[in-house]
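Me: I am new to this structure and would like a close look at one small part of it. Please take me through it slowly, and then show me the rest of the chain around it.

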Amino acid sequence: MDLGELQKFVENLLSDNIVYAPMKKEAKVFVSPINNFAEIDWTSELPANSFKSVFLPPEEILWKNAGKKFKTAFASKKTIALAMNVLDLQAFTLFEHVFEKDIYYQRRRQNTFVVGFTAGLPDDFRKYKIFHADYEENVLEHLIFDIFIEKQKNGNFIFFSGSEKGQKLLEENNVKDYEHIEFAGLVPESGMNPRLIANRKAVELSFNDKLWDELAEICLACGKCSVVCPTCFCFNLEDDPQLNGVERKRQWTSCFYPEFSKICGNKKELAEVKKKLYFWYYHKFVRIPEELSYYGCVSCMRCFNVCPVGINIAANLQRLAKNQQK
Ligand code: SF4
Ligand code: SF4
């Protein structure tokens, strides 16, 4: 498929859906709702923000009641997450497992098409300087998507389907030339990625490493890192009483926020910044891999890019691994 045909395909999608895609604004790429094909950035540069809010909005009403009537999970509009880079697809694949039984997430997902994109593998992985995994040939088999588009060196585009829903959308749009990729589970046959195992080992028993004390000295516990992180999914539930009833809301939260670990008696498990930092890394590099054999971090470096004091997750992992060898 050439650029003109891709344009026709995307314009068809735009006529009937809300489409989120990477677009360039003032020299940076952002994920944003788009109005036309020309706005889309097809370089596979990592956007400053991720696609997280398409699947898990910063705030949503789960249900509300008025008198004796309850209204649950308001239907979402038909949406396309278009040109999702491979790292954001890995984060989305994690969400698909974490929210597998969450009816509110699933209802939104039913109305959402996920269209991945690469400007070429493994070049994109090299460009992203990933530290969470070693590149594996069969990376697409372990990602969840409906459609995946790959830009070839000659400037043409090839299509893959990853679900029946994706196949249907391609057929409806007269895209007949595509290959189907069956999802082969989170873990490759060869076993967990060695880098995932190494990072887990580096973090698991590191609480007494002096790195955490040093970071706690400078970290402001502002939570910007977890807001921007595509794999952070912690949320608060809040009941908002109104004149005629009540609304239950779900809102993003962060383990860096003061209320996060508060329990009865006003006790907080994560009262000190050192504990917050360690907990954040532990969740990503130990607990998620332990529970799902999958990545809790996808090397996007957005946390570093927004951190007001420059805390660098890749450098910290390296240092923890090195200190362990001493
Ligand atoms: S963004 Fe930086 S300063 Fe803020 S909580 Fe995260 S690590 Fe700490
Ligand atoms: S690099 Fe930082 S922002 Fe990106 S996935 Fe890992 S922890 Fe989250």
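Leaving aside its neighbours within four places in sequence, which residues is Ala221 in contact with?

Reply: Happy to help! Before we start, this is a predicted model, in which local features need pLDDT of at least 70 and side-chain atom pairs count only at pLDDT 80 or more, while totals for chains, interfaces and linings use all residues. Residues are numbered from 1 along each chain as its sequence is written, chains are lettered from A, and ligands are numbered from 1 in the order in which they are written.

Now to your residue. Beyond its neighbours within four places in sequence, Ala221 is in contact with Phe256, Val273 and Lys276. Here, contact means that the C-beta atoms of two residues, placed from the backbone, lie within 7 Å. Lys276 is 55 residues from Ala221 along the chain, yet 8.0 Å separate their C-alpha atoms.

Ala221 itself sits in the loop that links α8 (210-218) and α9 (224-228). Helices are DSSP runs of H or I with at least four residues, strands are runs of E with at least two, and both are numbered from the N terminus. Ala221 counts as partly exposed because 16 other C-beta atoms lie within 10 Å. On this scale, 20 or more such atoms within 10 Å of a residue's own C-beta make it buried, 12 or fewer make it exposed, and anything in between is partly exposed, with C-beta atoms placed from the backbone.

Next, look at ligand 1. Among the residues around it are Leu220, Ala221, Cys222, Phe256 and Pro308; a residue is near a molecule if its C-beta atom, placed from the backbone, lies within 6 Å of it. The shell divides into ten nonpolar residues, one polar and one charged. In this sorting, Ala, Val, Leu, Ile, Met, Phe, Trp, Tyr, Cys and Pro are nonpolar, Asp, Glu, Lys and Arg are charged, and the others, Gly among them, are polar.

Pro308, also beside ligand 1, belongs to the loop between α11 (302-306) and α12 (313-325). Pro308 is exposed, since it has 11 C-beta neighbours inside 10 Å. Apart from residues within four places in sequence, Pro308 is in contact with Leu220 and Cys222. The C-alpha atoms of Pro308 and Leu220 are 8.2 Å apart, although 88 residues separate the two along the chain.

Ligand 2 has a shell of 13 residues, the closest being Cys229, Cys297, Cys300, Arg302 and Cys303. That shell holds nine nonpolar, two polar and two charged residues.

Finally, step back to the whole protein chain. It has twelve helices and 13 strands, and 32% of its 326 residues count as buried. An automatic or database domain assignment supplies the domain bounds: domain 1 covers 3-52 + 72-190, and domain 2 covers 196-240 + 254-325. Their centres, taken over C-alpha atoms, are 27 Å apart, and the contact takes 19 residues from domain 1 and 17 residues from domain 2. On the domain 1 side, helix α3 (residues 86-98) gives the most, with eight residues. Twelve nonpolar, five polar and two charged residues make up that side.
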